[in-house]
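Please open the model in your viewer and keep the selection panel at hand. The stops below follow one another along the chain and then across a contact.

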Amino acid sequence: MSSELIVIPRLLGKGAAKQLLFDETGITITHETHHIDYISWHNFAAIRVKAVALHGLYFNIGRCYVIDMQTDEGNVHTLNLKSVYGIKNKQYAQLWMHIYNLIYHYHFNLLLGYYTELKAAGQVFIMSDISVYADGISWDNHPKLKWSEIEINPYIRYFVIRKKGDSSRRKFLYFGDDWNACLLLDLLKQFLNAPNGNIFKRKTPE
């Protein structure tokens, strides 16, 4: 059974703030207090991912790299990698993206296959409040858009679903606010034969 251990160092001093053990069954999170949380892949329902500025009185003083993980019961486990005054900023950014990519490797790749099979079988499913059909998508009680009518514009923090030639038919989805928006983006890109690769699999900021 493959596994990988990720150690998140304390911002100041030596030692680990958290340790994350990834394997084929789930994630084991060991906190600095020695408390342990376990999330099974079978129970892993949704994810949100964001990087936000930390504001001081007059200017930004750092960055916070966040991954929210929700279980089927609605419990939310949050990883906050907080850098102030540039301390460990690059290291935390790298860990943040690596943790996300490990979740993708162990869990989301299988989910992508599962939802692709649902679409191929004509089964309707809903993700991030978007209804996905074999022949298109819909949202907010609007008429269905056929695949040939849809275009996607991805950005760093969000992406936009638009109807070609009609700017009034559009939907914004934010990776840090809308559960599974990052997974939906990859699914839609796959269904539309758009370029592959997730928005978060990118070069670490300096």
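What span should the 32 residues of helix 1 have at 1.5 Å a residue, and how far apart are its end C-alpha atoms? In this predicted model, select residues 89-120, which make up helix 1: the expected span is 46 Å, and the end C-alpha atoms lie 43 Å apart, which agrees.

Next, select histidine 107, where helix 1 bends by about 50°. Then go to glycine 122, which follows helix 1 and has a positive phi, near 80°.

Now add helix 2, residues 181-191, which packs against helix 1 at an angle of about 50°, with the axes of the two helices 10 Å apart. The two helices are therefore oblique to each other, and their crossing is right-handed.

Finally, show the side chains at this contact, where helix 1 contributes residues including Tyr104, Phe108 and Leu112, while those from helix 2 include Leu183, Leu187 and Phe191. Sorted by class, the contact has ten nonpolar, two polar and two charged residues.

Definitions and conventions:
Residues numbered from 1 in each chain as written. Predicted model: local features only at pLDDT ≥ 70, side-chain atom pairs only at ≥ 80, totals over all residues. Heavy atoms only, no water. Axes fitted to C-alpha atoms, helices over the stretch in contact; angles between N-to-C directions. Helix = DSSP H or I, 4+ residues; strand = E, 2+ residues; numbered from the N terminus. Parallel < 35°, antiparallel > 145°, perpendicular 65-115°, else oblique. Left-handed = near helix turned anticlockwise from the far one by under 90°. Contact = heavy atoms within 4.5 Å. Nonpolar A, V, L, I, M, F, W, Y, C, P; charged D, E, K, R; others polar. Expected span 1.5 Å × (residues − 1). Bend = angle between axes of the 7 residues up to and from the residue.
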